[in-house]
Amino acid sequence: MSKLIWSNALVPGPETVEQPFKSDYYGNLLSIPRTKALAIEERKAPLPDRKVYRSMSRAGVLLSLVCLEGKGVVQPFLDISPFDVGIYCAIENGPVELSSVDTLLNVSPEDFAEEYRKLRNPKLFLRQVTNLAPAQMAIFLGIMGPLNVYNHSSYGSLHALEQAEIDIEEGRVKAAVVCSAFAFEDPLVLERIHRKDLKERVLCEGAGVCLLTHDGTFTDWYTMDYEADGSYYGIGHQIITQTITRGRHDIG
């Protein structure tokens with residue numbers, strides 16, 4: 001199998017109390033009984049560049065936080081060639097900024113253009129761009145290799161792991177940063193998960209990253225057990241579960 005030389009996870013700890021999730025914008029129409037959020041404020045997160053918060057989603061901030069802890073592990077590969085380190089990221093499309101949408105619902109057609117200009121900062125759109133989160137993380141780490149993004153809500157993490165495995169096996173990259181992040185940003189995404197994938201598990205925010213290299217054999221990521229934990233991490237579930245079950249640090 002590919003060699004996992006480092007992994008890291010950012011998930012709610014056992015001391016985090018389960019809370020029901022409700023949205024101010026959907027009222028009683030949307031309610032998820034068991035959830036755990038991370039106690040992290042995006043603008044207080046220790047990222048290298050303070051200006052990036054204006055264009056990063058919460059999931060993007062979590063992704064950078066979890067990956068930055070591996071900078072020292074990735075650096076030896078970057079020193080050889082930053083173009084031979086690839087990124088394989090599973091992440092949802094960024095959220096629509098609901099507060100401005102809610103305000104615009106009550107604006108007359110005559111005033112709409114002016115109010116839209118006031119309420120909708122152009123940088124808000126960048127939070128919706130799927131590949132911006134891993135691209136910003138790549139800038140922080142200095143990675144210049146291929147960047148792959150997978151946004152299938154149930155299988156995105158498995159697609160990322162599978163493609164990383166193939167690219168390592170075929171020599172397209174020397175090391176693969178396989179990562180994901182999931183945050184409580186889009187109520188409709190959470191409701192979809194609640195109806196389709198959650199079952200009896202607790203829906204949790206989280207982020208995870210694995211650094212993979214070649215060891216001469218092939219791993220079938222689809223056959224592994226991802227149901228041992230009573231938690232569910234959205235699009236990042238399989239990657240985050242791998243980081244938890246295989247350990248957070250060097251296991252090579």
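## Exercises: strands, spaces and cores

E1 and strand E8 (residues 206-213) pair in the antiparallel sense, with seven bridges between them. Keep in mind that this is a predicted model.

### Exercise 1: a strand and its partner

Work out whether strand E1 is mostly covered or uncovered, and find the partner of Leu10 in E8.

**Solution.**
- Step 1. Mark out E1, which covers residues 3-10.
- Step 2. Check how its residues sit: six of the eight are buried, so by the cut-off of under 20% relative accessible area E1 counts as mostly covered.
- Step 3. Now go to Leu10: its bridge partner in E8 is Ala207.

### Exercise 2: the pockets

Describe the largest pocket and the second largest pocket by volume, central residues and lining.

**Solution.**
- Step 1. Start with the largest pocket, which has a volume of about 470 Å³. It is lined by 21 residues, and the closest to its centre are Glu42, Pro95, Glu97, Arg127 and Glu185.
- Step 2. Look for the elements involved: strand E2 (19-22) and helix H3 (98-104) each give at least two residues to this lining.
- Step 3. Sort the lining of the largest pocket by class, and you get ten nonpolar, three polar and eight charged residues.
- Step 4. Move on to the second largest pocket, with about 210 Å³ of space. Here 13 residues form the lining, and Ser154, Arg201, Glu227, Tyr232 and Gln238 are the closest to the centre.
- Step 5. Sort again: the lining of the second largest pocket splits into five nonpolar, three polar and five charged residues.

### Exercise 3: the cavities

How many cavities of 30 Å³ or more does a search of the whole structure find, and what lines them?

**Solution.**
- Step 1. Count them: the search turns up two.
- Step 2. Take the largest cavity, which holds about 210 Å³ of space. Of its 24 lining residues, Ala59, Glu92, Asn93, Gly94 and Glu185 are the closest to the centre.
- Step 3. Find its walls: helix H1 (58-68), helix H6 (132-141), strand E6 (175-182) and helix H8 (187-196) each supply at least two lining residues.
- Step 4. By class, the largest cavity is lined by 14 nonpolar, six polar and four charged residues.
- Step 5. The second largest cavity has about 40 Å³ of space. Around it you'll find Trp6, Cys67, Val74, Leu141, Val177, Val209, Cys210 and Leu211.
- Step 6. Go through that set by class: eight are nonpolar, with no polar and no charged residues. E8 gives the largest share of this lining, three residues.

### Exercise 4: the nonpolar cores

Which residues have the most contacts inside the largest nonpolar core, and which element gives the largest share of this core?

**Solution.**
- Step 1. The largest nonpolar core has 37 residues, and the ones with the most contacts inside it are Leu47, Ile143, Val177 and Cys179.
- Step 2. List the elements that give this core two or more residues: E1, H1, helix H2 (71-80), strand E4 (85-90), H6, E6 and E8.
- Step 3. Pick out the biggest giver: H1 supplies the largest share, eight residues.
- Step 4. Zoom in on Val177. Skip its neighbours within four places in sequence, and its contacts are Val85, Gly86, Ile87, Tyr88, Met137, Ile143, Val209, Cys210 and Leu211.
- Step 5. Don't stop there: a second, separate core has 18 residues, among them Leu4, Ala90, Ala164 and Ile168.

Key. Residues are numbered from 1 along each chain as its sequence is written. This is a predicted model: local features need pLDDT of at least 70, side-chain atom pairs count only at pLDDT 80 or more; totals for chains, interfaces and linings use all residues. Side-chain values use heavy atoms; hydrogens and water are left out. Buried means under 20% relative accessible area, exposed over 50%, partly exposed in between (1.4 Å probe, protein chains only). Helices (H or I, at least four residues) and strands (E, at least two) are DSSP runs, numbered from the N terminus. Two strands pair if DSSP finds at least two bridges between them. On a 1 Å grid over the protein atoms alone, a cavity is a set of points where a 1.4 Å probe fits but cannot get out, and a pocket is an open set with protein on both sides within 12 Å along at least five of seven lines; lining residues have an atom within 4 Å of a point. Grid points are joined across faces, edges and corners, and a volume is the space filled by probe spheres set on the points. Ala, Val, Leu, Ile, Met, Phe, Trp, Tyr, Cys and Pro count as nonpolar, Asp, Glu, Lys and Arg as charged, and the others, Gly among them, as polar. A nonpolar core is a set of buried Ala, Val, Leu, Ile, Met, Phe, Trp, Tyr and Cys residues joined through side-chain atoms within 4.5 Å. Contact means heavy atoms within 4.5 Å.
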